[in-house]
Amino acid sequence: MPPPVDIVKVAIEWPGANAQLIEMDQKRALSSIIREVCDGWSLSGSEQFALRYADGPQLYITEQSRSEIKNGTILRLAISPARAARQLLERIQSHGIDARLEALKELAKLSADPTFAAEFINMEGIGTLARLVESGTHFGEMLAFTLTAFLELMDHSIVSWDLISLSFIKQIAGYVNQPMVDVSILQRSLAILESMVLNSHSLYHRVAQEITVGQLIGHLQVSNQEIQTYAIALINALFLKAPEDRRQEEYTNPLEQPLTEMASTLAQKHLRSIILNHVIRGNRPIKAEMAHQLYVLQVLTFNLLEERMMTKMDPNDQAQRDIIFELRRIAFDGENDPTGTEKRKAMYTKDYKMLGFTNHVNPATDFTQTPPGMLALDNMLYLAKVHQDTYIRIVLENSSREDKHECPFGRCAIELTRMLCEILQVGELPNEGCNDYHPMFFTHDRAWEEFFCVCIQLLNKTWKEMRATAEDFNKVMQVVREQITRALAMKPSSLDQLKNKLRGLNYSEILRLRQSERMSQDDFQSPPIIELRERIQPEILELIKQQRLNRLCEGSCFRKLGNRRRQEKFWFCRLSLNHKVLHYGDLDESPQGEVPFELLSDKIPVSDIKSVVTGKDCPHMKEKSALKQNKEVLELAFSVLYDPDETLNFVAPNKYEYCIWTDGLCALLGREMGSDLTRSDLDTLISMEMKLRLLDLENITIPEAPPPVPKEPSSYNFTYNYS
């Protein structure tokens, strides 16, 4: 007979005594259980004690969290959170240096526990730590532990960051500005400033007054990548929370970068070159967190273009109309305008037609659609001013053609700008967990404009290779999009490398790649082939199922996302070899190989699993809706629902692991594997199997229907006589 679901068998330890093995009734009050445990060791004052996990983070167990206790868990009897907080607070304020250091060290560990944190904060513990920092009398390890505890406590969001005093901010900023400060102190100081900026609008202004982006440049030139990461994270935070009027201003000249003090510092060649030379091209491989911060910086920099992208052109604005006149003047070498108004108007109309605008009479109307708005005009003017020879060549070689194959420069430039905004997601917030940065955008001060110039030349070249006409405009743009996205996927390290990649992706190569991909995906549609496919499919599905289950048996590492991404923790989950139990447990760091079952303390019988949910249906995604979980994290989330009303929540590290685990869990439950990876694997394997089985039929036409049965012969005299 199985044990009751409300009973869990645990071991409870106490220093210097034998462990107690008890059956914990989850319906019974926790205080009553603690009293019974204390009686077993003859300890009085049970209200002064609490239970904690003996392994892992060693969190306190409360009435709210006790449901997470599993059979076989090892617990530890410890002093209660309130008593521990009170004792630590007293020791922190003692005069003994050694006692204070040990207390701060212990506090730094305990502060990650939400139960302890609440008690310590209620005793004005954060104010005590802040005063210790403000006094300026703590140094070295003592200061590092103080800052660690402060940051952990604030991360529980129990108290508001707005309560932080200006003197505290000045002291923390002082540590960042000091040339020779301890690495651990610098890390925590940068992290505290980042949290201040991200969590408080008022503190942004205070921090911005104490710390400038220029002062952070020195921290990007060190050999410690963690310090570099924290520094870029603070730059990103300052940039992200900067008021709109400080982040971007109206253009006074379209060739001048639309940046305030904050953004112009980001655009400075000095900062860009330091990031390029000391971070991207440094001697150490880029870690995941650094890649994420570079991606965030890239996104925020491109988002400076959003205002121009969403600004419509005013056809009555003379300054804006002058830009179009300048494009005409550069293209046609300032030809003398005719004196008559009608003649001048006719010439302008002709020139605007040769420039490729849709509206030949008033091309300003071509820039009224957003996106790309005025950003397209800015790109065109940059090309005309900075790459004048290229601009004139593109315009003139197309305006002189009379065979209807001319490439309309104006229309193409506008559509290309809109396409590049979509590809690079201009105006969208960074995705948590995304590391998709492009090194080449850090190699030039005007990377966006130079990228446009490379792509407009590609578009003109592809147009000629396709011998396109105006009716083929959309087809050409589709090919160009494919060329650009394929080249970006190769992660070129410079704009010159991008040009080389695009040179290899000409129209003929795109056709070849499409044909190759189509051949690998297409199936013959004749009835015999369809029947063969139907016979093969169950075998292939079983093969995929076994592969998924084998991968679950190997296990995967998952990340626990907290308030601050860099302080991430890991946990591992794997399926038992008999496919009957899911084993999981916390890890201190990401494992390099397979984690043995002995290290995974928790488990779930597969028979208890009721269902698997994904995306918005996951409990941990519903809980974090207020934090505006981004689309990418949502697409990687899934949860296992099991008896009695419990959940195990996952966020996969990537789409591949997401598909492997959702497929494997569905296979365990006897349900259909419906991921994109399964469909892709199924198509690939069936295609390969069918080609192998049909090798003898190559170049033989397979009939759509069976051949007709011939008429009966007039006689059967041709039959063989065996006698």
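Mentor: A residue counts as buried under 20% relative accessible area, as exposed over 50% and as partly exposed in between, using a 1.4 Å probe and protein chains only. The model discussed here is predicted: local features need pLDDT of at least 70, side-chain atom pairs count only at pLDDT 80 or more, and totals for chains, interfaces and linings use all residues. Residues are numbered from 1 along each chain as its sequence is written, and side-chain values use heavy atoms, with hydrogens and water left out.

Trainee: What percentage of the residues of the protein count as buried?

Mentor: The protein has 30 helices and eleven strands, where helices (H or I, at least four residues) and strands (E, at least two) are DSSP runs numbered from the N terminus. Of its 723 residues, the share that counts as buried is 47%.

Trainee: Which residues make up the covered face of strand 8?

Mentor: In a regular strand the side chains alternate between the two faces of the sheet. Strand 8 spans residues 602–605, and its uncovered face holds Lys603 and Pro605. The covered face consists of Asp602 and Ile604.

Trainee: Which residue in strand 8 is the bridge partner of Leu582?

Mentor: Strand 7 (residues 581–587) and strand 8 pair in the antiparallel sense over four bridges; two strands pair if DSSP finds at least two bridges between them. Along this pairing, Tyr584 stands opposite Asp602. The partner of Leu582 is Ile604.

Trainee: What direction does helix 26 make with strand 6?

Mentor: Strands 5-6-7-8, in that order, form an open antiparallel sheet, with strand 5 (556–560) and strand 8 as its edges, each pairing on one side only. Neighbouring strands are turned by 25 degrees against each other on average, direction ignored; axes are lines fitted to C-alpha atoms, for helices over the stretch in contact, and angles run from 0 to 180 degrees between N-to-C directions. Helix 26 (residues 527–554) packs on this sheet and touches strand 5 and strand 6 (569–575). Its direction makes with that of strand 6 an angle of about 130 degrees.

Trainee: Which strands does helix 1 touch where it packs on its sheet?

Mentor: That sheet is open, has four strands in the order 2-1-4-3 and shows mixed pairing; strand 2 (20–25) and strand 3 (49–53) are its edges, each pairing on one side only. The average turn between its neighbouring strands, direction ignored, is 40 degrees. Helix 1 (residues 30–40) makes about 160 degrees with strand 2 in direction. By contact (heavy atoms within 4.5 Å), helix 1 touches strand 1 (7–13), strand 2, strand 3 and strand 4.

Trainee: Which residue in strand 4 is the bridge partner of Arg52?

Mentor: Strand 3 and strand 4 (residues 74–79) run antiparallel and are joined by five bridges. Helix 2 (residues 81–92) lies across both strands, at about 50 degrees to strand 4. Within strand 4, Arg52 is matched with Arg76.

Trainee: Why is helix 29 described as largely enclosed by the rest of the structure?

Mentor: Helix 29 (residues 655–668) reaches 20 Å from its first C-alpha to its last, close to the 20 Å expected at 1.5 Å a residue, the expected span being 1.5 Å times one less than the number of residues. Among its buried residues are Tyr658, Trp661 and Leu665. Just after the helix, Gly670 takes a positive phi of about 75 degrees. The helix is largely enclosed because, of its 14 residues, the number buried is eleven.

Trainee: How many disulfides does the structure hold?

Mentor: A disulfide is a pair of cysteine sulfur atoms within 2.5 Å. Cys412 is buried at 1% relative accessibility, and its sulfur is 3.5 Å from the closest cysteine sulfur, in Cys407, which is too far for a bond. Cys453 is buried at 2%, is in no disulfide, and has its nearest cysteine sulfur, that of Cys455, 9.3 Å away. The number of disulfides in the structure is zero.

Trainee: How far apart in space are Tyr175 and Arg188, C-alpha to C-alpha?

Mentor: Tyr175 lies in helix 7 (residues 166–177) and is buried, with a relative accessible area of 5%. Not counting residues up to four places away in sequence, Tyr175 touches several residues, including Val133, His138 and Ile185. Tyr175 and Arg188 are 13 residues apart in sequence, and their separation in space is 9.7 Å.
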